[in-house]
Each structure stands twice: as C-alpha cells, then as structure tokens.
Amino acid sequence: MCYDPDAAPPAFAPAPWPLAEAAPLVLTSADGTRFGAFLARPEIATGPGVLVLPDNKGLSAFYRQTAARLAEQGHPALVLDYYGRTAGAFPEKRPAEFGELPNLLPHLLALTPDGLDADITAALARLRAVGPAEVVALGFCFGGRQAFRTAAPRFGLAGAVGYYGYPDAINGAPGPTQLAGELTAPILAFWGGADEHIPADTVAAFDAALTTAGCPHEFVKYPRAPHNFFELSAVEHADAARDSWQRLLGFLARPRQVH
C-alpha cells in the first residue's frame, strides 16, 4: 500500500502554466471495458505528455493533484484507474473503505497483464489525442512496477519513471526484472534506502538485468527515505522529494526518440 486517502503530492516551484482543463473522464478499452481516468492539460504544452499510473488503490486525489502539478509545468497528464472491470468506471463514487486491503484484494487479484495493457493503450491514445505524441509513463508503487513494464516497444513511449516500484516476480508472475530483455525505453527509477518493502538486492538485480539487456536507465537512491517519501506530509524527506521532482522534470525535458 502506498498513499492514504488524505495524502497529497509535494508543492514546489510556482506553476508557470495555467490549466486549460482538469476533469474526470471515462475511457473505453479494446475489450469494451469502461474505466475511470483524469485528464489535466496546460493552456500550452511545452513538453511530452505524462501517463500517470497510480498505486494499487487506483485513481485518488493524490494522483489527480499530481496530474495537475505536471500540467502546470507544461505536460498534459492523464491518470487511469485499474478497476473498471470489477468496480465500475467511477472511482470517485467508491466508498472510502474500498482502499482497505481486505476490500481491495479481490479487485487487485483480478487484474491481468492483458487487461492492464489494454487500459494503458486506451489511455495513451486519449492522451496523445489531446497533446504531443511523445509520452512518458510515471508510476508510484504498484504503478511504478507498471511504468517499468511500459518501457516495452509495444507502448511506443519516450521513457518510463518509477517511484519505488517493486521489480521482482510476485507469486510467480514475472516482474520488470524478469521482463528486462523486452524493455528499450529509457528508465528513471527512484528508491528509498529505508524502504522495508524493496530490499537493496532486489534493486541491484533489476539494475543488472537492465544493464545486460542494454536498456538505458538511471537509478537514484535516497539513503534515509522510506517507501512513500514523495508526499507533502513527509517533511523530514522533503529534500529527497524535491530532488526527485527536479530530476523528473529534467528527464521530461530531454530530447529523445520514441521507443
């Protein structure tokens, strides 16, 4: 689990661009599934779009605010929700207890790689329809794991950024480490050195797998930071959050080819 319902992303530099749009929407996957999303657009796009992949609780206020912060920096941003197939297309109507593990687990276990890929593909199509063709994925926790997967050529992304996304296999299902041979887009990954959920040797194995595969990547570790250090109330880790934000914006600003 990553962010509580009242969590908010850090607030940094003043926003250079006013928002043209910040609103929920419903998208349709290739199999006909309707699922929730949230789109934030600047008046003028000055950089690539960003597909935001949330933690395992799905689309929440934290990610709506994150999308708006990215749009204020000139990046159209779209967040998708994972649970259209089992919990409906309107995440804002779900009860607060949906995010508690006993209630969430059946929905989480029902997710499949094919379903996730179909929803990601539909979200990318919508994002590209309203902004630049160049898109970078940004994910947190479970979403970080998914963001690493989107570095595969079938998604046509210019890069992938993951905050504390577990990269190893889970219950026999291959993770980004096992899939590294398929990944080609540049990856930027942020890790907390005090993260009890992701051991250092797990990060090292992912690093080695990407190196062997020839996938360009940069890993940044903050020695004293915990799993969810990128959060407004984590004031003792504000320096790590600020540094990662600046590195994220720098990554988005790099000219690159779509992979």
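How many residues in the lining of the second largest pocket are nonpolar, how many polar and how many charged? That was the question I opened the notebook with, and the answer is nine nonpolar, three polar and seven charged. A reminder to myself before going on: this is a predicted model.

**Entry 1: the second largest pocket**

I stayed with this pocket for a moment. I looked up its volume and found about 410 Å³ of space. Its lining holds 19 residues. Nearest the centre I noted P5, L59, S60, P95 and A96.

**Entry 2: the largest pocket**

Next I turned to the largest pocket, which holds about 830 Å³ of space. I counted 26 lining residues, and those closest to the centre are L108, F142, R145, Q146 and I170. Which elements give two or more residues to this lining? I found helix 3 (101-109), helix 4 (113-130) and helix 5 (142-149). Sorting the lining by class gave me 17 nonpolar, seven polar and two charged residues.

**Entry 3: the cavity**

I then looked for enclosed space and found one cavity of 30 Å³ or more. Its volume is about 40 Å³. I wrote down the lining in full: Y82, R85, A110, L111, T112, G115, L116 and D119. Which element supplies the largest share of that lining? Helix 4 does, with three residues. Helix 4 is also among the elements I had listed for the largest pocket. By class, the cavity lining comes to four nonpolar, two polar and two charged residues.

**Entry 4: the chain as a whole**

Time to step back. I counted seven helices and eight strands in the chain. The radius of gyration is 17 Å, and the globule rule gives 18 Å for 259 residues, so I noted the chain as being as compact as a globular protein of that length. The C-alpha trace spans about 40 × 40 × 35 Å along its principal axes. I also looked up burial, and 53% of the 259 residues are buried.

For one buried example I picked L39, which sits in strand 2 (residues 34-42). Its relative accessibility is 1%, and the cut-off for buried is under 20%, so L39 counts as buried. I also checked L39 against P91: the two are 52 residues apart along the chain, and their C-alpha atoms are separated by 14 Å.

**Entry 5: aromatic rings**

My search for aromatic pairs over the whole structure returned 25. I took a closer look at Y164 and F229. How far apart are the centres of their rings, and at what angle are their planes? The centres are 5.4 Å apart and the planes stand at 80°. An angle over 60 degrees counts as edge-to-face, so that is how I logged this pair.

The pair links distant parts of the chain, with the two positions 65 residues apart. I placed Y164 in the loop between strand 6 (159-163) and strand 7 (187-192). F229 lies in the loop between strand 8 (217-222) and helix 7 (238-253). Are these two residues buried or exposed? I found both Y164 and F229 buried.

Both residues also belong to one aromatic cluster. Its members, as I listed them, are Y3, F12, F62, Y63, F140, Y163, Y164, F190, Y222, F229, F230 and W245.

**Entry 6: charges over rings**

I made two notes here. The charged end of K93 sits over the ring of F90, at 4.8 Å from the ring centre. For R94 the ring is that of F98, and the charged end sits over it at 5.0 Å from the centre.

**Entry 7: positive phi**

Last, the backbone. Most residues other than glycine have a negative phi, so I wrote down the exceptions I came across.

C141 is not a glycine, yet its phi is positive, about 60°. I located C141 in the loop between strand 5 (135-140) and helix 5. C141 is buried, with a relative accessible area of 11%.

N171 also has a positive phi, near 50°, and is a residue other than glycine. I found N171 in the loop between strand 6 and strand 7, the loop where I had placed Y164. Is N171 buried or exposed? With a relative accessible area of 80%, N171 is exposed, whereas C141 is buried.

Key:
Residues numbered from 1 in each chain as written. Predicted model: local features only at pLDDT ≥ 70, side-chain atom pairs only at ≥ 80, totals over all residues. Heavy atoms only, no water. 1 Å grid on protein atoms, 1.4 Å probe; cavity = no way out; pocket = protein on both sides within 12 Å on 5 of 7 lines; lining within 4 Å. Points joined across faces, edges and corners; volume = space filled by probe spheres on them. Helix = DSSP H or I, 4+ residues; strand = E, 2+ residues; numbered from the N terminus. Nonpolar A, V, L, I, M, F, W, Y, C, P; charged D, E, K, R; others polar. Phe/Tyr/Trp six-rings, centres within 6.5 Å; stacked < 30°, edge-to-face > 60°. Buried < 20%, exposed > 50% of the residue type's maximum accessible area, 1.4 Å probe, protein only. Lys NZ or Arg CZ within 6 Å of the ring centre and 35° of its normal. Rg over C-alpha atoms; globule rule 2.2 N^0.38 Å.
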